[in-house]
Amino acid sequence: MLTIDQILQIDRDHLWHPYASALTPPPVLPVVSAEGVRLRLADGRELIDGVSSWWSVIHGYNHPVLNAAATEQLSKMSHVMFGGLTHEPAARLARTLVDITPAALTRVFFSDSGSVAVEVAIKMALQYWLGQGRAEKHKLLALKTGYHGDTFMTMAVSDPDDGMHTLFNQILPKNLFADTPACRFGEAFEERHIASIKTLIEQHCGELAAVILEPIAQAYGGMNFYAPEYLRRVRALCDEHDVLLIADEIATGFGRTGELFACNHAGISPDIMCVGKALTGGYITLAATLCSERVAAIISHGAQGAFMHGPTFMANPLACAIGNASLGLLLSQPWQRNVQRIEAQLRDGLEAARALPAVRDVRALGAIGVIELKRPVTPDVQAGLIERGVWLRPFGRLVYTMPPYVMDAADVQTLTGAMVAAVAAIPN
Ligand SMILES: *Cc1c(COP(=O)(O)O)cnc(C)c1O
């Protein structure tokens, strides 16, 4: 067994953390276990996890139902290849996903991570047009302040000003970007709110394969929540101008915004949809790309006669079994009531921050709560949260939370109280 000091030493000497320097990384905390909504640190401290390990742990850690599903599947097979073989865990999960996602989506392609699910979605859109002899339709239209992943094509549709595009300017394909939707969720939609994307679709539809966006809630690009009418109008514009619509529900899927999928706020069905993150309740990596029968048929009638993708660990049985258990848990519980309760509590609890001098805005949608600051968050904000027993990962100008749906009222109160206190402590 390694001591805490040994772990930290090896971490410093050899490990790389997300978006971090190898040589001067920010501090890291060793975790030994997790239970419910709490992380247990090596020094015995416990922290309430307010980020659900990046949107994924919706039922809490170490859940007996998910543990049992994993153990049972392990005793049968952890993995078999999906080329030429199939199995019940994948079949059940595909059937559930088709049942609960918007009606037009009938085909499921499993992959390992969200970024790959988006790559797959984009490749589907490109093959869809190639299959119709329309090679000129190969560009994508995305939204500013969007985020779709860290691989190259996903970077090429993520926010054009966030640094990646400047860094990889020579490599990334040039796509089109519409202005961030200016119509906030819950506020009145006006015609001017759709102007930017409408103009781009009208002018470029001849070369556009698809519009790709995060429906209703843009996550890492700024936690922007926008009006359902915007999404309805984009759907209509795509139909009118023969452009596919890809909905990236990797962050928003499985209830996070108060609807099972964010597209449901607008009552629309995309042509292609990506899910990931909460799909296995945060147990193990798994993602899926769903598409309509029409997209699947045209791809399959194309020159290749096949969709040209196939990850080694596609539809991993262990991951699918846990996915089935996680969706079973979600759908058998009053998840919407839990999310609504959390939303009300986040609104209430975070409201006190609005009057603070460092704060620009406070907002909540579903089980997502945001304090937006006027200036970038400094490291002492996170330190202040940890001192108050709360684990969050503020970034940019955002101190935000998306707690597990099972977090009880007392813990949500501790969480919002810590957020307000940590922001209140920011010096002027
Ligand atoms: C996290 C995220 C991704 C990327 O998923 P990974 O599993 O990290 O590759 C893509 N799109 C959205 C909206 C996300 O939130």
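**Exercise 1. Asp-408 and its surroundings**

Work out whether Asp-408 is buried, partly exposed or exposed, and place Asp-408 in the fold.

*Solution.* Start with the accessibility: Asp-408 comes out at 40% relative accessibility. The cut-offs put buried under 20% and exposed over 50%, so Asp-408 counts as partly exposed. Keep in mind that this is a predicted model. Next, the location: Asp-408 sits in the loop between strand E16 (398–401) and helix H15 (409–424). Last, a distance through space: the C-alpha atoms of Asp-408 and Arg-341 are 9.5 Å apart, with the two positions 67 residues apart along the chain.

**Exercise 2. Two helix residues**

Find out which helices hold Ser-326 and Leu-200, and what each residue touches.

*Solution.* Take Ser-326 to begin with. Its helix is H12, residues 317–332. Its relative accessibility is 0%, so Ser-326 is buried. Now look past the sequence neighbours up to four places away: Ser-326 touches Ile-58, His-59 and Leu-66, plus the run Ala-278, Leu-279, Thr-280 and Gly-281.

Then do Leu-200, which belongs to helix H8 (residues 195–204). At 15% relative accessibility, Leu-200 counts as buried. With neighbours within four places set aside, the contacts of Leu-200 are Leu-141, Phe-177, Ala-178, Cys-205 and Leu-208. As for Ile-246, which is 46 residues from Leu-200 along the chain, the two C-alpha atoms are separated by 16 Å.

**Exercise 3. The ligand shell**

List the residues around the ligand, sort them by class, and pick out some polar contacts with ligand oxygen atoms.

*Solution.* Step one is the list. Around the ligand you'll find Ser-113, Gly-114, Ser-115, Tyr-147, His-148, Gly-149, Glu-214, Tyr-220, Asp-248, Ile-250, Ala-251 and Lys-277.

Step two is the class count: the shell has four nonpolar, five polar and three charged residues.

Step three is the contacts. Gly-114 uses its backbone, with a polar atom 2.9 Å from a ligand oxygen. Ser-115 uses its side chain, where a polar atom lies 2.6 Å from an oxygen of the ligand. Lys-277 also has a side-chain N or O atom 2.6 Å from a ligand oxygen. To finish, check the cover: on its own the ligand has 380 Å² of accessible area, and the protein covers 84% of that.

**Exercise 4. Aromatic pairs**

How many aromatic pairs does the structure hold, and what geometry do Trp-55 and Tyr-220 and Phe-152 and Phe-168 show?

*Solution.* The count is nine aromatic pairs. Let's go through two of them.

- Trp-55 and Tyr-220: the centres are 6.1 Å apart and the planes make 85°, an edge-to-face pair. Trp-55 is in helix H2 (residues 52–55) and Tyr-220 in the loop between strand E8 (217–218) and strand E9 (224–225), so this pair ties together parts 165 residues apart in sequence. Both Trp-55 and Tyr-220 are buried.
- Phe-152 and Phe-168: this pair is edge-to-face too, at 5.3 Å centre to centre and 75° between the planes. Phe-152 lies in helix H6 (residues 152–155), while Phe-168 is in the loop between helix H7 (164–167) and strand E6 (176–178), 16 residues away. Phe-152 is partly exposed at 43% relative accessible area, and Phe-168 is partly exposed at 22%.

One last step brings in the cluster: Trp-55, Tyr-147, Tyr-220, Phe-395 and Tyr-400 form one aromatic cluster. Among its members, Tyr-147 and Tyr-220 also appear in the list around the ligand.

Note on methods
Residues numbered from 1 in each chain as written. Predicted model: local features only at pLDDT ≥ 70, side-chain atom pairs only at ≥ 80, totals over all residues. Heavy atoms only, no water. Near = heavy atom within 4 Å. Polar contact = N/O pair within 3.5 Å; in protein donor to acceptor, adjacent residues only side chain to side chain. Areas by Shrake-Rupley, 256 points an atom, 1.4 Å probe, with all protein chains shown as cover. Nonpolar A, V, L, I, M, F, W, Y, C, P; charged D, E, K, R; others polar. Helix = DSSP H or I, 4+ residues; strand = E, 2+ residues; numbered from the N terminus. Buried < 20%, exposed > 50% of the residue type's maximum accessible area, 1.4 Å probe, protein only. Contact = heavy atoms within 4.5 Å. Phe/Tyr/Trp six-rings, centres within 6.5 Å; stacked < 30°, edge-to-face > 60°.
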